[in-house]
Amino acid sequence: MLADVDRVAVPGAGNMGHGIAEVVAMAGYEVTMRDVEPAFVEEGYGEIEWSLEKLAERNRLDESPAAVLSRIETTTDLKAAVDDASEAFDWLRIEARIIDEAAGLVGQGVATPEDIDTGLRLGAGFPEGPCRRADTLGLDTVLEKLETLREATGAERYEPSDHLRELVEAGRTGEDAGAGFYEYGADAGRDYTTIDVELRNDGLLAVTLDRTERLNALDQNMMNEIVHVLETADLETVRAVAFEGAGDRAFSAGADVTGFAGVDPHEVEVTPVFRTVAEFPRPTLAKIDGYCLGGGHELALACDLRIATTDSEFGFPEIDLGLIPGGGGTQRVVRMLTEARAKELVFRGNRIDADTAEDWGLINRAVPEAEFEATVEEFVDDLVSGPPVALRKAKQVMDEGRDADIDAGLRMESQAFGLLLSTEDMSEGAEAFTADRDPEFEGR
Ligand code: COA
């Protein structure tokens, strides 16, 4: 038995919870088992009683079932459960090991912190990746924990990696220090080379594609950077995203064609950038001034809304390169436009002007240069001050419902509607309406 543990709190009396509580009590510890409803706790306790009887019948218990049961208390109050336990579960012990593994991989150049965090978030369902988590906890805290465990247990697995020590020695102890696995503060996120990113005070994340020498053509680096900026965006502050192209000639002239030659077909990976943009849980807007072609056009179509200057031109030149759009373009236009118009764009590779694009329903507005900024700001203002949860739900049910049958779509809508009725934003909206003032939505 561990000398410094005399009571263990087990949150949850379901199959796993009561199982853990039973084993821990059998090992001699005092246990507090907690669940949200008295009925769950009682049921869990009943299961333990039954199981202990069975074990006793088979002579598998060293003491009486009653003696083991006497060490188990139950509650529905989480605070009480944890307060009573002299040592709640030591998460840091587990986390420090995961973080150290990550540091080892980064140190050996096997993967970047972004790779590891994305992998564990998408692959293992972690709420945040271990590198990001480490930066919050403090790398010095993690190192100290490992050193203490190494000394106390003698176990090799707690030996901190060289890279973790190096980071701490270099003062990169995490978010509070301005840098850890990641950079914080002025250099937040990372230094992008192909995009400019600004988070405005009103919650607009403004992303500018900046490769003017190539008419903002999308190369692999730019696509990776867009994915990175969206995946690391803080949803508490970001209320909407706007994409635009630097310079006055193009939104983007498409995928960088200089990167096409010599590419082995089976190495072509249809990039996740278009999907990441399309599925971003906040409204997105493409601000188009100039050429909007190929992959640039697909990026604009992955956004929720599009506003363009009348000088802008839209097209899919891929067919002239012996290709077809590969970032969702064929599927998006055929759903968005009439089939005849969609096929005209994809088959002929010709460009259409912004007025035609508006007429066809490809974009929301075509406006003269002089009215462009003001029109965009009117849209942005509604997006950033709108209720985040309702906007997110609207986007989700419209995107998912578009490809579902009408009954499924209506069900999605009514579920979302029901959920929104319970939000604070809904009450705020109603109160503001009654008081004849502007609502202040918090996204709750
Ligand atoms: N990839 C890489 N470079 C590109 C590019 C692209 N998609 N589009 C434009 N550029 C580069 C040009 O090569 C040129 O570079 P340079 O000055 O070193 O020669 C520069 O951007 C300016 O383009 P340029 O062609 O000189 O301008 P333009 O006004 O004569 O023509 C376009 C503009 C957009 C009509 C023309 O650049 C074009 O057709 N681009 C290719 C579009 C395309 O096929 N995209 C789809 C790829 S799937």
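These legends describe close-up views of a predicted model.

**View 1. The three-stranded sheet is open and parallel.**
Its strands follow the order 1-2-3. Strand 1 (7–11) and strand 3 (72–75) are the edge strands, and each pairs on one side only. From one strand to the next, the twist averages 20°.

**View 2. Strand 1 meets strand 2 in the parallel sense.**
Five bridges link strand 1 with strand 2, which covers residues 30–34. Where does Arg7 find its opposite number? Arg7 stands opposite Glu30, a residue of strand 2.

**View 3. A six-stranded open sheet has mixed pairing.**
The strand order is 4-5-6-8-10-13. Strand 4 and strand 13 (365–367) take the edges. Each has a single partner strand, so one side of each lacks a neighbour in the sheet. The twist from one strand to the next averages 15°.

**View 4. Strand 4 and strand 5 form a hairpin.**
Strand 4 spans residues 195–199 and strand 5 spans residues 204–209. The two pair in the antiparallel sense, over five bridges. Val197 stands opposite Val207 of strand 5. Four residues lie between the two strands. In the turn, Gly203 has a positive phi of about 95°. Helix 10 (residues 220–231) lies across both strand 4 and strand 5. Helix 10 runs at about 15° to strand 4.

**View 5. Strand 5 runs parallel to strand 6.**
Six bridges join strand 5 to strand 6, which spans residues 240–245. Leu205 has Val241 of strand 6 as its bridge partner. Strand 5 thus has an antiparallel pairing with strand 4 and a parallel pairing with strand 6.

**View 6. Strand 8 and strand 10 run parallel.**
Strand 8 covers residues 284–288, and strand 10 covers residues 305–309. Four bridges join them. Ile288 stands opposite Ala308 in strand 10.

**View 7. Helix 8 packs against helix 9.**
Helix 8 spans residues 139–153 and helix 9 spans residues 162–169. Their axes lie 9 Å apart, and the packing angle is about 135°. Is the pair oblique or roughly antiparallel? Only angles over 145 degrees count as roughly antiparallel, and the two helices are therefore oblique to each other. The crossing is left-handed. On the helix 8 side, the contact has Leu139, Asp140, Val142 and Leu143. These meet Leu164, Arg165, Leu167 and Val168 of helix 9. Six residues of this contact are nonpolar, two are charged and none is polar.

**View 8. Helix 12 packs against helix 13.**
Helix 12 covers residues 294–302, and helix 13 covers residues 329–336. Their axes are 10 Å apart, at an angle of about 50°. The two helices are therefore oblique to each other. Their crossing is left-handed. Helix 12 contributes His297, Glu298 and Leu301 to the contact. Helix 13 contributes Gly329, Arg332 and Val333. By class, the contact holds two nonpolar, two polar and two charged residues.

**View 9. Helix 13 crosses helix 14 at roughly 150°.**
Helix 14 spans residues 339–348. The axes of helix 13 and helix 14 come within 7 Å. The pair is therefore roughly antiparallel. The crossing is right-handed. Thr330, Val333 and Val334 of helix 13 meet Glu339, Ala342, Leu345 and Val346 of helix 14. Five residues of this contact are nonpolar, one is polar and one is charged. Val333 of helix 13 takes part here and also in the contact with helix 12.

**View 10. The ligand sits within a shell of 15 residues.**
Which residues are closest to the ligand? They are Ala217, Ala253, Gly254, Gly294 and Pro317. Strand 9 (291–293) and helix 12 each supply at least two residues of the shell. How does the shell divide by class? Eight of its residues are nonpolar, four are polar and three are charged. Helix 12 thus contributes to the ligand shell and packs against helix 13.

Definitions and conventions
Residues numbered from 1 in each chain as written. Predicted model: local features only at pLDDT ≥ 70, side-chain atom pairs only at ≥ 80, totals over all residues. Pairing = 2+ DSSP bridges. Axes fitted to C-alpha atoms, helices over the stretch in contact; angles between N-to-C directions. Parallel < 35°, antiparallel > 145°, perpendicular 65-115°, else oblique. Left-handed = near helix turned anticlockwise from the far one by under 90°. Contact = placed C-beta atoms within 7 Å. Nonpolar A, V, L, I, M, F, W, Y, C, P; charged D, E, K, R; others polar. Near = placed C-beta within 6 Å.
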